[in-house]
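Trainee: Could we go through this structure together, one question at a time, so that I learn how to reason from what is shown?

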Amino acid sequence: MNRKEVYKAIDTELDYVQQQEQIQESHVVEDFPLSSGMEAIRYNLEKANKEWYVEQAPYPNAMKYLRKVAGICVKMGIKYDMPER
């Protein structure tokens, strides 16, 4: 998978999050504070870690959770201005 394909996968996660925001039946809300974003990252990393432990490469279930983490990071970067390196 190349960089462009990875970013496209992350975009699908952001599309899903945006759909969930519209439904308003989830903890995923448009005005997601940074503290909630960081907690969601921790939660999904823990789930990814548990999946990684029982999987083998290419770790499909663990990678689903890492896609979620990436989407949360992008959402937080949009809201709070992601600094450049």
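Trainee: Between which two helices is the place of Pro58?

Mentor: Keep in mind from the outset that this is a predicted model. Helix H2 covers residues 34-54 and helix H3 covers residues 60-80, and position 58 belongs to the loop that links them. Pro58 therefore sits in the loop between H2 and H3.

Trainee: Which residue does a cis peptide bond join to Pro58, and what is omega there?

Mentor: Most peptide bonds are trans, and a cis bond is thus a feature to note. In this chain such a cis bond joins Pro58 to Ala57. The residue asked for is Ala57, and omega is about 15 degrees.

Trainee: What is phi of Tyr59, and is Tyr59 buried, partly exposed or exposed?

Mentor: Most residues other than glycine have a negative phi. Tyr59, which is found in the loop between H2 and H3, has a positive phi near 55 degrees although it is not a glycine. Its relative accessible area is 28%, and because buried means under 20% and exposed means over 50%, Tyr59 counts as partly exposed.

Trainee: Where does Asp81 lie, and is Asp81 buried or exposed?

Mentor: Asp81 lies in the segment after H3, and its phi is positive, at about 65 degrees, in a residue that is not a glycine. Its relative accessibility is 65%, and because the cut-off for exposed is over 50%, Asp81 counts as exposed.

Trainee: How many helices and how many strands are there in the chain?

Mentor: Reading along the sequence, one meets the pattern α-α-α. The count for the chain is therefore three helices and zero strands.

Trainee: How far apart are the end C-alpha atoms of H2, and what span should its residues have?

Mentor: H2 has 21 residues, and at 1.5 Å a residue they should span 30 Å. The computed distance agrees with that expectation, for the end C-alpha atoms are 31 Å apart.

Trainee: Which residues of H2 are buried, and within what arc do they fall?

Mentor: The buried residues of H2 are Gly37, Ala40, Ile41, Asn44 and Ala48. Seen down the axis of H2, these buried residues line one face of the helix, because they fall within an arc of 105 degrees.

Trainee: Which residues are exposed on the other side of H2, and against which helix do its buried residues pack?

Mentor: On the other side of H2, the exposed residues are Lys50, Tyr53 and Val54. The buried residues of H2, by contrast, pack against H3.

Trainee: Which helices are included in what covers the buried residues of H3?

Mentor: H3 has buried residues that include Ala62, Tyr65, Val69 and Ile72. Among the elements that cover the buried residues of H3 are helix H1, which runs over residues 3-23, and H2.

Trainee: What percentage of the residues of the chain count as buried?

Mentor: The chain has 85 residues, and its C-alpha trace spans about 35 × 30 × 25 Å along its principal axes. Its accessible surface comes to about 6,900 Å², of which 54% belongs to carbon and sulfur atoms. Of the residues of the chain, the share that counts as buried is 27%.

Trainee: How far apart do the centres of the positive and negative side chains lie?

Mentor: The chain has 12 positive and 14 negative side chains, and each set has its own centre. The centres of these two sets lie 4 Å apart.

Technical notes
Residues are numbered from 1 along each chain as its sequence is written. This is a predicted model: local features need pLDDT of at least 70, side-chain atom pairs count only at pLDDT 80 or more; totals for chains, interfaces and linings use all residues. Side-chain values use heavy atoms; hydrogens and water are left out. Helices (H or I, at least four residues) and strands (E, at least two) are DSSP runs, numbered from the N terminus. Buried means under 20% relative accessible area, exposed over 50%, partly exposed in between (1.4 Å probe, protein chains only). Accessible areas come from the Shrake-Rupley method with a 1.4 Å probe; for residues, only the protein chains shown count as cover. Lys and Arg count as positive and Asp and Glu as negative; His and the chain ends are not counted. The place of a charge is taken as NZ of Lys, CZ of Arg, CG of Asp or CD of Glu. The expected span of a helix is 1.5 Å times one less than its number of residues. The arc is that of the directions from the helix axis to the C-beta atoms. Contact means heavy atoms within 4.5 Å.
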